Amino acid sequence: MKEQLEKIYQNASCDLEKVSSIAELEEIRGKYLSRKGEFNEIKKNLKNLSDEDKRVVGALANEITQKLESALRAKHDEFYKKELDEKLKQERIDITLPGKFTSQGREHLLTSTTNEIVSIFQSLGFSVVPKEHSPEVETEYYNFDALNVPKDHPARDVQDTFYTELASNVVLRSQTSGAQIHAMEGKNPPIRVIAPGRVYRNENINARKNNFFHQIEGLYVDKGVTFGDLKGVLNEFIRIYFGASRPTRFRNSFFPFTEPSAEIDVQCIMCEGKGCKICSGTGWLEILGAGMVDPNVLRGVGIDPDVYSGFAFGMGVERLAMLKYAVDDIRLFFNNDERFLKQF
Ligand code: DAH
């Protein structure tokens, strides 16, 4: 039995020599030291020996199992350390590397410009119309008819306005002025509102024109509103938005829905009034149209023009941003080049 024990120990030592991983070590542990392992099989037979032999063989069996166990433990520690080293080497982190930068998004220049304009008008007593009073898809009634635009006006032409396939009278609005009609319908003055939003025009795209852009419409109707009020409010807006030193001018103009009508120009920031490509050599860029609401328009929405009067205006958001930040191409707002966007 002694010899048997020695033999098993030798085999186990031999096996141990060949082991190369913790997993293989566990196999050996199972083979020799588990309950069904070879040593246990021998220990089971101890009961058949004499007391004397039992003591000797038992002691030897214990000694050998302990030796084997400590050899296994030593191997285990060795492999564990080796495997850990390997893993650490593979997963090594170089903390001197610069790291991955995730750039932060920000408000689009058109959004911040719109918000700025809106908050100026809010400070002057205007409130923003609810969304449903400023839809981008309109009937011709709101985009043209109710605004006193004649049936044969060239703006109605498909060359200028996008008609939809929803119905022959449904258009992508070409101006935010339709919001004036929504704001007045079924309401009594005083009405003092603004309506920011997107408009669409069938244009050839170039540095100055895109086939959609943004406007902010304004309307003030009450008893005794005069052209002086119009000038006062718009001059105050310009003073706050551009600062007092930027030259501006009022020009008379014509719109079907206002009488009299005016346009406001701001000195071109690109050439400081000397004349350049952007301002077609004039030194000025138009930022808005305005005027006293035409009595026909008031009558159309059931407001008596003998009692009430009002002024309206519509400004281009891209124009206002271009003129404040010297943006010389309207397409920059829409092709979303981060190098442009992140400057603002
Ligand atoms: N809707 C005009 C346009 O898009 C701008 C405009 C002019 C708006 C006069 C107005 C206004 O409210 O009174 O060119």
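Buried means under 20% relative accessible area, with exposed over 50% and partly exposed in between (1.4 Å probe, protein chains only). The model here is predicted, so local features need pLDDT of at least 70 and side-chain atom pairs pLDDT 80 or more, while totals for chains, interfaces and linings use all residues. Residues are numbered from 1 along each chain as its sequence is written, and side-chain values use heavy atoms, without hydrogens and water.

**Exercise 1. Work out how E7 is covered and which strands it pairs with.**

Step 1. Helices (H or I, at least four residues) and strands (E, at least two) are DSSP runs, numbered from the N terminus.

Step 2. Let's start with burial: seven of the 10 residues of E7 are buried, so the strand is mostly covered.

Step 3. Two strands pair if DSSP finds at least two bridges between them. E6 and E7 pair in the antiparallel sense over seven bridges, and they form a hairpin with two residues between them. Arg249 stands opposite Asp265 in E7.

Step 4. E7 also runs antiparallel to E8, joined to it by eight bridges. Here Ile264 has Leu288 in E8 as its bridge partner.

**Exercise 2. Place the strands in the open sheet and find its edges.**

Step 1. The order of the seven strands is E1-E4-E5-E9-E8-E7-E6, with mixed pairing.

Step 2. E1 (127–128) and E6 are the edge strands; each has a single partner strand, so one side of each lacks a neighbour in the sheet.

Step 3. Now add a helix: H8 packs on the sheet and touches E6, E7, E8 and E9. Contact means heavy atoms within 4.5 Å. The direction of H8 makes about 150° with that of E8; axes are lines fitted to C-alpha atoms, for helices over the stretch in contact, and angles run from 0 to 180 degrees between N-to-C directions.

**Exercise 3. Identify the buried residues of H10 and their packing partners.**

Step 1. Val317, Glu318, Leu320, Ala321, Met322 and Leu323 of H10 are buried.

Step 2. These buried residues pack against H5 (109–123), E5, H8 (227–242), E7, E8 and E9.

Step 3. Just past the helix, Ala326 follows H10 and has a positive phi, near 55°.

**Exercise 4. Find the strand partner of E4 and one facing residue pair.**

Step 1. E4 (residues 191–200) pairs with E5 in the antiparallel sense over 10 bridges.

Step 2. For a facing pair, look at Val199, which stands opposite Phe213 in E5.
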